[in-house]
Amino acid sequence: MQSLLEWVDARFPLLKVWNEHLAEYYAPKNFNFWYYFGSLAILMLVLQIFSGIFLTIHYKPDVGLAFASVEYIMRDVPWGWFIRYLHSTGASAFFIVIYLHMFRALLYGSHRGPRELVWIMGMVIFVALMAESFMGYLLPWGNMSYWGAQVIINLFDAIPVIGPGLSEWIRGDFVISDATLNRFFAFHVAAVPLVLVILVFMHIVALHRVGSNNPDGIEIKENKGADGIPLDGIPFHPYYTVKDIVAVVVFLIVLSSVLFFAPELGGWFLEHDNFTPANVLQTPPEIVPLWYFTPYYSILRACTPDYMIYLSIFVGIVGAMTLFSARNIMVKAVAVVTPLILIVGFYTLEAKFWGVVAMGVSIMVFFALPWLDRSTVKSIRYRGWMYKTALGIFVVTFLVLGYLGTQPPEGLYKALAQIGTLIYFAFFAFMPWYSQIDKTKPVPERVT
Amino acid sequence: MSTNGVDKKRRRFLVNLTAGVGAVGSGFAVAPFVMSMTPSERAKAAGAPVEVDISKLEPGQLLTVKWRGKPVWLLNRTPVMMDSLKGLADILEDPESTDAEQPTYAKGIARAIKPELLVVVGLCTHLGCSPDKKLEAGAGAGLGADWPGGFFCPCHGSKFDLSGRVYKNVPAPRNLPVPPYSFKSDTEIVLGIDQKEGVA
Ligand code: HEM
Ligand code: FES
């Protein structure tokens, strides 16, 4: 055994990789609950790819056959229901894990320097994951699949000039058709998973270059022992591999309970309307995306013409504040010109286009987080009341917007979604100010 | 470090030139893949005209037919429905249908060749859902007692009147499109072929 290892090691840097990323990768010793979700995300990625391959064995990407082939998997393929539910429940579980994983960064400032690239790669993963699940949702060719895809692809239509051509290019047809289904299949089972795997690999390589953050937001590399090992670090293997396995077991218990006892979770994980085949002539009575898209969907719907006045005031305030606090003359110029262009745009281009822009920005703005946050400390443990309050309000707003996205946009619901949209953007837009003036507590030298 | 007779400037020029030509070449190599995703010849050919028999369409009835993969509605409007179109100008975005959402022979408030027969593509101009038919006026439609009858899009709440004209302050920006159509006879229309001006 030993000699076999040596033989391999002379030809492939097995030991080197093992040591660098596991046995001699020193992670802070104070990881808590929130640090499980990275490993769990890897687990979910593997499960989705694995169950997906087995679904592909029976599934047929053809508008005439797709719906029936999924029903066939559910009814006739031995254990087919299990594989299908694992994949559909898994998608929701994946998003729960990812949202908690991202929230951890907001708690402990993990997106801050020197981990900006870890964060950015994470965000690219997040966007790719949204594309992956969106395209996967078309494949069963249920009525919600069809109309959901119709709505999302039409978003691109709203882009001036290139929009119509772009959405035609995405569909491969003038309407959603067999051409669309077939290409979504190709992207869903081959292209995007491949990209995801590569991105996750890069995400971890980047993380291991800078080292993990921790609940105290302290750089453990700044306190090294005589042997060059961080005093507050412990080897990832065996300490965290074993700890993570416990998390995996607990997580799988929860996942299996949902999978076996409530795989559709009352329509939240698999919508009822998707158990009727796509009907080109009839939209489902209430069209709602899956829960993990609903906050952004609420923001999309909030932008009606009468909302433009509030958006104008909002960008005006942000512009004015930037104008007064910026020192650089270029920044000052941008702070004047951008709101003006936007306000003119709000009243000349269709509100529909701004809905699409708002939705896009609501996701993309996360990319800027490492630079919006100006606090001198990273972890919430040492921040003052302002950031804590802002983060608390943001989380509540995010959840409320998510709920409103599942409800018809009428009356009170519409008004709430419009208020929520402003709060959502305020969290990011005013962060440079409140994170800076917030009173912080002294950060200890070593992790606690 | 000795330059060993290497002309650095020239080397850099050649490297940049090679990289530049390579980039252009890669661009050309990508083109076929991008183009392969545009609608195929078969998809383009699929838009054949559709003939619809309207002889059995009673007043107040709505018929949905599929044309180019889209739902097209044919609504035989009753006199009461026609009356409901008047006096809505204040709450509509484009009451006279001046935007290019219909052929020139279908402008005005009725937006139809024969005023009572409405022909529209049943896809919301917001993001393309097919609105619900709420043809009855009044509170029964669940849209308030002053609802004059029309279409309500469940996706993001856009409203249209019985001419497919869009309300103000809803997400949809434009009236429902009127497809090109023409009368083959009194009881038969053809979707996809324009009416000759001045006929009918
Ligand atoms: C397929 C999806 C993903 C996988 C498999 C994954 C995996 C991981 C793993 C294994 C870690 C180290 C363990 C941990 O700190 O929990 C990590 C850290 C991190 N990830 Fe992800 N991740 C994914 C998506 C994302 C996304 C969407 C974001 C945010 C936009 C993100 C941001 C981060 C950050 C900032 C860290 C460093 C955390 C710290 O050191 O405190 N990741 N990721
Ligand atoms: S698609 Fe009709 S309101 Fe959005």
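**Strands and cavities: a short tour**

Hi everyone, let's start in chain B, where strands 2, 3 and 4 make an open sheet in the order 2-3-4, with antiparallel pairing. Before we go on, please keep in mind that this is a predicted model.

So which strands of this sheet stand at the edges? They are strand 2 (62–67) and strand 4 (117–121) of chain B, and each has a single partner strand, so one side of each is left without a neighbour in the sheet. On average, neighbouring strands here are turned by 20° against each other, if we ignore direction.

Let's zoom in on one pair. Strand 2 of chain B is joined to strand 3 (residues 70–76) of chain B by six bridges, and the two run antiparallel. If you would like a landmark on screen, find B:Trp67, which stands opposite B:Lys70 in strand 3 of chain B.

Now for another sheet in chain B. Three strands form this open sheet too, in the order 5-6-7, and the pairing is antiparallel. Its edge strands are strand 5 (132–134) and strand 7 (159–161) of chain B, each of which pairs on one side only. Here the average turn between neighbouring strands is 25°, direction ignored.

How many bridges join strand 6 to strand 7 of chain B? There are three, between strand 6 (residues 150–152) and an antiparallel strand 7. A landmark here is B:Phe152, standing opposite B:Lys159 in strand 7 of chain B.

Next, please look at strand 9 (residues 188–191) of chain B. Four bridges link it to strand 1 (residues 50–53) of chain B, and these two run antiparallel. In that pair, B:Asp53 stands opposite B:Glu188. Strand 9 of chain B is also joined by four bridges to strand 8 (residues 181–185) of chain B, again antiparallel. There you can find B:Phe183 opposite B:Ile189. A hairpin connects strand 8 to strand 9 of chain B through two residues.

Let's step back and take in the whole of chain B. It has three helices and nine strands, and from the N terminus on the elements run α-α-β-β-β-α-β-β-β-β-β-β. Is chain B compact or spread out? Its radius of gyration is 27 Å, well over the 16 Å that the globule rule gives for 200 residues, so chain B is more spread out than a compact globule. The C-alpha atoms of chain B fill a box of roughly 95 × 40 × 25 Å along the principal axes. Of its 200 residues, 45% count as buried.

My last topic is empty space. Rolling a probe the size of a water molecule over the atoms shows where such space is left. In this model the count comes to three cavities of 30 Å³ or more.

The largest cavity has a volume of about 60 Å³. Its lining includes A:Ser298, A:Arg301, A:Leu404 and A:Tyr413. Helix 11 (294–302) and helix 17 (411–429) of chain A are the elements that give two or more residues to this lining. By class, the lining has five nonpolar, one polar and two charged residues.

The second largest cavity has a volume of about 40 Å³. Which residues line it? From chain A come A:Glu286, A:Ile287, A:Val288, A:Arg301, A:Thr406, A:Gln407 and A:Pro408, and from chain B come B:Pro154 and B:Cys155. By class, that makes five nonpolar, two polar and two charged residues.

That's the end of my tour. Thank you for listening!

Note on methods. Residues numbered from 1 in each chain as written. Chains lettered and ligands numbered in written order. Predicted model: local features only at pLDDT ≥ 70, side-chain atom pairs only at ≥ 80, totals over all residues. Heavy atoms only, no water. 1 Å grid on protein atoms, 1.4 Å probe; cavity = no way out; pocket = protein on both sides within 12 Å on 5 of 7 lines; lining within 4 Å. Points joined across faces, edges and corners; volume = space filled by probe spheres on them. Nonpolar A, V, L, I, M, F, W, Y, C, P; charged D, E, K, R; others polar. Pairing = 2+ DSSP bridges. Axes fitted to C-alpha atoms, helices over the stretch in contact; angles between N-to-C directions. Rg over C-alpha atoms; globule rule 2.2 N^0.38 Å. Buried < 20%, exposed > 50% of the residue type's maximum accessible area, 1.4 Å probe, protein only.
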